[in-house]
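Welcome to this structure. Please have a look at it first, and then read the points below at your own pace.

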Amino acid sequence: MTAPIRFHVNDRPVALAVPPARRLTRALRDDLGLTGTKVGCDAGDCGACTVLVNGRQVCACLTPVAQVAGARVTTVEGLAANGALAPLQAAIQRFGAAQCGICTPGMLMAGASLLARNVRPSAAEVEDALGGVLCRCTGYRAIVQAVMHALDGAVAPADGLGPVGTALPRVDCHDKVTGREAFGADRAPADALWLRAVRSPHARARFALGSFGALHARYPGLARVLTAADVPGANSFGIYPHIKDQPVLAEGHVRFAGEAVVALVGDLATVEAIRDDELPIAWTVEPPVASVDEALAPGAALVHDGRADNVLARGRVARGNVDAAFAAAAHVVEMTVATGFVEHAYIEPEAGYARRVGNRIEVVACTQTPYMDRDEIARVVGLGPEAVRIVPTGTGGGFGGKLDISVQPLVAVAAWVLGRPVRCTYTRPESMASTTKRHPSRITARLAADGAGRITGFAFHGDFETGAYASWGPTVADRVPIHACGPYRMGAVRATSAAVYTNRTPAGAFRGFGVPQAALAHEALMDALAARLARDPLAFRLDHALRKGDVTATGQRLDHSAGLAACLEALREDWTRARADAQAFNGTGGAMRRGVGVGCMWYGIGNTSMSNPSTMRVGLSREGGLTLYSGALDVGQGSNTVMAQICAEALGVPVVALALVTGDTDRTADAGKTSASRQTFVSGKAAELAGRDLRARILRHANAGASALVEFGRGAVAVRDRGTARTIDLRRLETDINGDVFVGEGRFDPPTTRLDADGQGSPYATYAFAAQMAEVEVDRALGTVKVRRIVAAHDVGRAINPLLVEGQIHGGIAQGLGLALMEEFLPGRTTNLHDYLIPTFGDVPPIEVRLIEDPEPLGPFGAKGIGEPALIPTAPAILGAIEHATGVRPAAVPVLPHRLHALLRAAGKVR
Amino acid sequence: MASYERPTELDHALRLLAERSRVVLAGGTDHFPARVGTAVDEDVLDVSAIAGLRGIVATRDGWCIGATTTWTDVLEADLPAQFDGLRQAAREVGGVQVQNRGTLGGNLCNASPAADGIPALMALDAEVELRDAKGALRVPLDNFVLGNRRTARRPDQLVTAIHVPRLAEGTRTTFLKLGARRYLVISIVMVAATLEPGAGGTVGRARVAIGACSPVARRLGALEAVLAGRPMGPDLGAAAEALHLADLATIDDVRGSAAYRREAALILVRRALDRLAA
Ligand SMILES: Cc1cc2nc3c(=O)[nH]c(=O)nc-3n(C[C@H](O)[C@H](O)[C@H](O)COP(=O)(O)OP(=O)(O)OC[C@H]3O[C@@H](n4cnc5c(N)ncnc54)[C@H](O)[C@@H]3O)c2cc1C
Ligand code: FES
Ligand code: FES
């Protein structure tokens with residue numbers, strides 16, 4: 001080994017005797033333990049690894065450690081000198097500019113380098129300086145604000161009271177801005193071995209494994225090569241109890257390129273050095289089922305034996321006589337929509353470790369759903385659920401993609417078999433090639449209207465490509481027909497769907513479960529019919545908006561909280577002005593054209609027609625400390641803060657009084673998964689009930705009436721009831737395993753009913769509604785689209801925390817914009833973050849949020865959900881705006897420049 | 001076992017290269033992305049510490065840009081207006097993190113069809129200085145880049161500098177890049193253009209180069225010939241026609257179809273010329 005490389009990190013001298021070509025990211029993280037610097041791609045594309053070298057921002061993943069010899073390196077850990085947050089760190093917190101927090105260290109370092117030169121940067125200067133860092137959660141606007149105003153001067157710190165309805169900065173932000181929060185790849189036992197999966201390069205093939213003796217001889221650092229035969233329990237997993245169709249390690253047969261075949265376990269250098277072609281795998285390649293068309297063709301090869309038509313699931317909603325409606329229609333419009341795979345592109349690739357603790361297995365990994373993970377791991381390792389402990393790490397974005405297991409079964413099996421801790425961190429290309437995507441879709445839909453311009457019928461069919469494995473395919477097949485007609489009164493409805501297997505990347509859950517794809521269709525139809533009738537698109541939607549008392553396509557009466565009309569009204573003034581402005585601008589000629597579009601959506605909160613309870617507990621310790629035990633996982637959306645606000649309100653204490661334990665399946669109760677926009681509504685309600693239950697127990701103990709005042713003190717609780725006062729000495733009470741003397745529990749399962757064969761019933765307890773408008777500018781010569789502004793009106797029932805709600809809306813809009821304009825995952829071709837494009841700082845326009853609060857009586861303090869609703873209307877609004885600008889409505893997304901150009905050319909509208 | 005050399009003297013570096021073939025590493029911004037998730041056993045020659053290889057100096061007839069000069073160095077250097085186009089290109093290479101480390105030499109040697117530096121420097125008539133242990137030679141940039149990731153560099157040579165001639169007083173240059181998003185974008189098409197003033201408000205010499213359209217960036221000689229002698233004015237771009245781009249072997253890929261690239265390139269050429277001549 002060469003002489004040690006000496007440099008300064010955060011003003012501390014260090015000397016590292018490591019290979020000089022080692023990436024600085026690895027030197028910082030693995031050799032120096034400074035895991036605040038994150039790795040999202042190792043390729044310069046995400047900027048999560050941004051550090052300062054001699055004051056300049058660089059990607060640590062592109063810097064050989066040799067090149068920082070003699071230099072000063074500053075990482076996020078160096079920002080909060082002496083424990084006090086730097087102004088930019090505080091601003092990130094204050095402006096809600098960190099959600100999951102995985103991009104935050106990179107943002108902070110890029111921001112710090114800017115602020116060192118420029119104390120009052122403009123928005124454009126911030127965008128230029130931070131443009132090399134990607135964020136998938138926030139939509140960037142809050143970050144721009146935070147950097148612009150970081151040095152504005154003294155700001156009063158948040159008071160930490162945070163009653164429901166206040167914009168309390170997130171309670172878990174401190175560790176996100178200091179780099180202290182541990183994400184999946186950040187910690188593992190020192191003696192952990194590394195696991196690397198060897199994946200199929202073929203979309204469909206049979207294979208035979210030879211002996212690994214030679215490999216072991218060549219690589220002494222190789223501890224084990226795991227194959228399907230090593231899986232102790234069932235070698236299969238999947239979301240649905242009756243469809244466990246995906247193997248942990250393939251058994252002689254692969255169904256998509258990227259499927260895990262064997263797992264190498266050993267020291268890091270060894271598993272990285274072994275080339276895939278050194279493995280004794282004899283492939284027999286077969287022609288893949290490469291598309292939905294091929295899958296549905298008569299005589300198609302089967303992706304799964306026993307699925308005779310390659311159809312995984314079908315969905316159907318039918319109400320009224322659709323054929324009669326079309327036969328009698330005065331107007332009929334028809335649309336097709338095509339969408340591709342969309343990648344979640346969370347900045348944190350999947351990572352974690354497992355260790356065997358006696359006869360239990362512990363998995364410490366990023367996830368959206370600890371309790372489902374627990375049950376899957378139990379099956380795969382062949383244990384009871386009680387023998388599995390899931391300890392979620394910080395999760396650097398999920399958006400549905402971390403609802404499926406990834407590294408967890410691999411490391412669990414390896415740790416179980418080898419009796420040693422085993423860790424695994426996916427590379428970016430591996431994450432993209434192997435984990436689930438948004439379902440590609442192709443949709444045909446029709447609308448009928450009578451002579452008075454009233455919609456009388458709606459017909460819809462969508463094929464959704466579920467890829468090689470089921471994952472959440474049945475959910476998509478169920479959810480789509482229910483939402484297909486949009487948030488409108490449509491008369492007779494027939495909507496059907498199919499989830500179709502192919503030999504491509506599995507599609508799973510992604511913010512909206514197929515509804516964003518369906519919304520492209522219903523909104524295109526609404527625009528087309530409005531145009532046919534020469535009606536204003538916004539007014540036409542208002543005419544048909546679902547309102548309180550209306551009955552949905554599944555026959556459910558909306559008795560409460562149906563705020564679509566209020567959302568549309570909230571846009572009306574901007575809409576009228578923006579449409580007029582666009583018209584005036586377009587009158588001036590030239591290649592540029594402006595347009596304004598509107599998109600609406602509705603979204604059922606929680607699982608479809610299925611029980612999906614949450615249980616929450618809040619404990620009071622002997623010392624008088626309150627702890628909320630929350631199984632609801634915060635993957636950036638803010639549930640830690642929201643649960644605490646709700647529970648604190650129910651208890652009548654400030655938020656700061658609550659300590660938080662989240663996710664650990666040994667310490668919390670099952671609060672279901674962080675998906676379907678259900679946490680605020682379902683788990684939030686449970687948190688409210690838990691708070692009320694704790695109070696009730698204390699009152700009972702004190703023999704006090706329901707209106708008594710409870711004051712929590714050190715080691716004691718004072719209860720005042722109509723002049724009498726009682727003090728409970730907590731130190732004299734029995735404690736449970738958590739050290740608590742009182743525990744309140746709340747459970748909530750939103751009321752739904754099963755759907756009949758025609759999809760009739762009440763699939764959800766409540767629905768969110770929204771309308772967004774987008775203003776765009778199209779360059780008709782180049783086919784490029786720039787989104788100039790978005791106004792988003794959302795009926796959230798009640799905004800428990802407006803700062804977090806706005807954050808969700810911004811982030812959803814950014815993803816909707818990506819879906820509309822640039823994101824397209826092509827298996828084997830766009831498997832990194834420079835070929836797969838997500839919006840950057842310069843792509844997300846200013847966003848204005850209008851919150852509509854039409855309270856939902858079932859929800860906590862009237863709240864519903866926002867996570868998925870935020871994304872759904874954006875792409876339709878942008879497409880409507882493109883149509884308004886150019887007269888051309890793209891049927892397929894993403895609307896890449898060359899595609900729009902071809903459409904304009906075909907319509908004779910290129911300038 | 002892999003070796004890693006980081007000499008401070010150019011002669012030393014060239015001797016090491018004469019010994020055996022080594023992977024040259026400058027800013028690493030192309031090097032590391034090609035090595036994600038794998039440990040590569042290779043001998044590395046790190047040129048980042050070589051004295052005199054970084055920085056821009058004025059010479060008798062122009063400028064000499066050291067091979068390890070970064071994009072940020074270009075942006076911060078005190079250079080005349082003929083470098084406006086190169087500066088615009090520099091600002092568009094990756095994000096600031098990449099501009100701070102990525103070098104011009106690396107950009108040329110990596111020879112990606114989408115390398116922004118190549119058309120920008122072609123439109124300046126740049127020459128590449130290649131050096132081995134025995135001596136140096138200069139090749140015009142057009143002759144240096146041979147294909148997609150192929151150059152005229154032999155394994156025992158380093159690129160040591162890029163030479164840019166001083167163009168006529170009043171020369172204007174520009175660079176336009178088309179991509180599907182705002183930052184961190186690989187070009188679908190980029191155009192670099194240079195107009196040297198001629199007599200009486202006319203175009204003297206024009207240079208127009210197109211990148212990302214074909215495996216190697218190309219100068220549009222036919223168009224340049226047509227432009228010479230035309231009056232400067234805001235509609236100069238109208239002189240550009242599809243036939244001037246006819247012999248581009250246009251790329252067809254996920255970022256853009258070949259037909260689109262041809263049309264977009266023509267639009268960008270016209271806009272670039274209009275802007276320069278206005
Ligand atoms: C996120 C990201 C975005 C990017 N965006 C752009 C972009 O928009 N436009 C663009 O053009 N490029 C872009 N790049 C590519 C890259 O940054 C540039 O090409 C950069 O200029 C390369 O310089 P380097 O010093 O980092 O090269 P290195 O990675 O160090 O080397 C690149 C290649 O050149 C060889 N080499 C380097 N220097 C010499 C020398 N002196 N003599 C001989 N051989 C040499 C190396 O062996 C290697 O093959 C991007 C890269 C990243 C990671
Ligand atoms: S990890 Fe360095 S840029 Fe993504
Ligand atoms: S907060 Fe930026 S990626 Fe999650």
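The notes that follow go from the interface to a helix pair and then to two backbone details.

1. A word on conventions. This is a predicted model, in which local features need pLDDT of at least 70, side-chain atom pairs count only at pLDDT 80 or more, and totals for chains, interfaces and linings use all residues. Residues are numbered from 1 along each chain as its sequence is written, chains are lettered from A and ligands numbered from 1 in the order in which they are written, and side-chain values use heavy atoms, with hydrogens and water left out.

2. Start where the chains meet. Chain A brings 54 residues to the contact and chain B brings 42, contact meaning heavy atoms within 4.5 Å. About 4000 Å² is buried between them, with 60% given by carbon and sulfur atoms; buried area is the accessible area (1.4 Å probe) that two parts lose on being put together, summed over both. On the chain B side, the most area is lost by Gln97(B), Arg181(B) and Tyr183(B), together 19% of what that side buries.

3. Next, the polar side of this interface. There are 5 salt bridges across it, each a side-chain nitrogen of Lys or Arg within 4 Å of a carboxyl oxygen of Asp or Glu. One of them pairs Glu263(B) with Arg905(A), whose closest N and O atoms are 2.3 Å apart.

4. Which helix of chain B gives the largest share of the side that touches chain A? That is α9(B), with 6 residues. Helices here are DSSP runs (H or I, at least four residues), numbered from the N terminus.

5. Now a helix pair inside chain A. Helix α18 (residues 639-651) packs against helix α19 (residues 679-701) at an angle of about 35 degrees, the axes lying 8 Å apart. Axes are lines fitted to C-alpha atoms over the stretch in contact, and angles run from 0 to 180 degrees between N-to-C directions. Among the residues of α18(A) that meet α19(A) are Val642(A), Met643(A) and Ile646(A), while the α19(A) side includes Gly684(A), Ala687(A) and Gly691(A).

6. Finally, two backbone details. Most residues other than glycine have a negative phi, and most peptide bonds are trans. Val893(A) and Pro894(A) are joined by a cis peptide bond, with omega about 0 degrees, and Pro894(A) sits in the loop between α21 (874-886) and α22 (897-906) of chain A. Ala534(A), not a glycine, has a positive phi of about 55 degrees; its place is the loop between α15 (515-532) and α16 (537-544) of chain A.

Definitions and conventions
Helix = DSSP H or I, 4+ residues; strand = E, 2+ residues; numbered from the N terminus.
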